[in-house]
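The following report describes one predicted model, beginning with its overall dimensions and ending with the residues around its ligand and its annotated sites.

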Amino acid sequence: MDCKYFGECGACRVYEGGYESQLKDKLELNKDRFKSFYAGDMSVFKSPTSHYRSRSEFKVWHKDEDIFYAMNHLEHKGIVLVDECPQVSEHIASLMTKLLVAIKEKDIAFKLFGADFLSSSSGEIVVSLIYHRKLGDEWLIKAKEIADELDIFIIGRSRKQKLVIGQDFVTEHLSVNGEVYKFNYIENSFTQPNSKVNEQMISWATESLETCDGDLLELYCGAGNFTIPFAKSFKKVLATEISKSSINAAKTNMLLNEVKNIEFLRMSVEEFTEAIEGKREFNRMKDIDIDSYDINTIFVDPPRSGMDETSCMMASKYDNILYISCNPETLLRDLELLCKTHKVVDMALFDQFPYTHHVEMGAKLLRKGKQK
Ligand SMILES: C[S@@+](CC[C@H](N)C(=O)[O-])C[C@H]1O[C@@H](n2cnc3c(N)ncnc32)[C@H](O)[C@@H]1O
């Protein structure tokens, strides 16, 4: 990646030998890490080597009456000023300077401290401008002029305030095994950052579940990123997630894709575990006939902290477990528990975060004694 800040700004790590060499090392490290659970081939899915991030957050730094984008320094305290970034999508990259110029010209930089970008592959962009002051009518008029001029959506945020100019989402199209799915990505909600790798993850996961029978249970479903492509392989899907805005987006995304066999439930994994074990009743489950589900398969995509012990015990009740993880360390910890009853039959590495040491992993597990 040809970048004048490479390694300095904190977003990328300098790696001798470049992208391919780093990926090879990540693969070796993870093959070794998981060798006691899985000794087969690990599929590897590469990222584009630049302009792969569809969302990105920058600080806005004020210096000598001027403003700059900034990132935390990688090695020590302090920041690095950034005027371009080859990680972000082409659409975000070509907007960054124009937006900064417009903010200065319209004089709306006072107490602005953050700029978050979210883009779709077709070029829709929502920018959240984050302030340490209450935003009034004057800000709204000027920000609307910028939004019109640059053909973007702008959200003004400050404490307990959210002003939306246009809309607070972009619509992304993802191509999965030859089919195109539409997703509304909501500002300030979780979305997978690397669209090309995300498409490969969903394709791999969908193929991994193709032979599973019965219904599907999904935990940590977000806005239905996996759920919606999975739905055609199952009669019914029950998908749960803690975030209200993600569940609302998931329901919209189900309609956008004309999918009808999913029930989305806003519930934490901890709550859902209590509900399914009959330990506690929840009003949110009153319209869900849990006994009508014939669940043999569970799909999980937890945050970096992984699953907890109780959720692993719950997942172990199902014959097929598919686990997508953004943190190999917590995946390894959880496999210690899951592999008391199950064995890992396939694994994949997705290079969702190039130029960092992070990777996304996939693991397919089958109850011991069951055939593939
Ligand atoms: C790594 S994201 C995956 C989301 C989705 N599968 C996707 O691909 O976009 C993890 C999700 O877990 C949700 N989450 C975090 N803690 C949770 C909990 N305790 N119970 C349920 N969901 C939780 C987050 O809101 C987030 O949407």
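The radius of gyration is taken here over C-alpha atoms, and the globule rule used for comparison is 2.2 Å times the number of residues to the power 0.38. For a compact globule of 372 residues this gives a value near 21 Å, and because the chain has 22 Å, the two agree. The C-alpha trace spans about 70 × 50 × 40 Å along its principal axes.

This is a predicted model, in which local features need pLDDT of at least 70 and side-chain atom pairs count only at pLDDT 80 or more, while totals for chains, interfaces and linings use all residues. Residues are numbered from 1 along each chain as its sequence is written.

**Overall architecture**

The chain holds nine helices and 17 strands, where helices (H or I, at least four residues) and strands (E, at least two) are DSSP runs numbered from the N terminus. The domain assignment, which is automatic or taken from a database, gives domain 1 as 18-49 + 192-367 and domain 2 as 55-170; the centres of domain 1 and domain 2, taken over C-alpha atoms, are separated by 33 Å.

Burial is judged by counting other C-beta atoms, placed from the backbone, within 10 Å of a residue's own: 20 or more make it buried, 12 or fewer exposed, and anything in between partly exposed. On this basis, buried residues make up 41% of the 372 residues. Two residues are in contact if their C-beta atoms, placed from the backbone, lie within 7 Å; among contacts between residues at least 6 apart in sequence, 63% join residues at least 24 apart.

**Ligand shell and annotated sites**

A residue is near a molecule if its C-beta atom, placed from the backbone, lies within 6 Å of it, and 19 residues surround the ligand, the closest being Tyr-220, Gly-222, Asn-225, Ile-242 and Ser-268. The shell divides into nine nonpolar, seven polar and three charged residues, with Ala, Val, Leu, Ile, Met, Phe, Trp, Tyr, Cys and Pro counted as nonpolar, Asp, Glu, Lys and Arg as charged, and the others, Gly among them, as polar.

From the unreviewed UniProt entry come a "binding site" annotation that lists Gln-192, Tyr-220, Glu-241 and Asp-301 and an "active site" annotation that covers Cys-326; the positions are given in the numbering used here, feature names are shortened, and annotations may be inferred rather than shown by experiment.

Gln-192 is found in the loop between β10 and α4 (195-209), and, leaving aside neighbours within four places in sequence, Gln-192 is in contact with Asn-198 and Asn-225. Tyr-220 lies in the loop between β11 (215-219) and α5 (227-230), and with the same sequence neighbours left out, Tyr-220 touches Glu-241, Val-269, Val-300, Asp-301 and Pro-302. Cys-326 sits in the loop between β15 (320-325) and α9 (328-338), where its contacts, not counting residues up to four places away in sequence, are Arg-304 and Glu-360.

| Residue | Other C-beta atoms within 10 Å | Class |
|---|---|---|
| Gln-192 | 26 | buried |
| Tyr-220 | 22 | buried |
| Cys-326 | 19 | partly exposed |
| Ile-186 | 21 | buried |

**Ile-186**

The last residue of the table, Ile-186, lies in strand β10 (residues 179-186). Apart from neighbours within four places in sequence, Ile-186 is in contact with Asp-168, Phe-169, Ala-223, Ser-245 and Ala-249. The C-alpha atoms of Ile-186 and Asp-168 are separated by 6.0 Å, although these residues are 18 apart along the chain.
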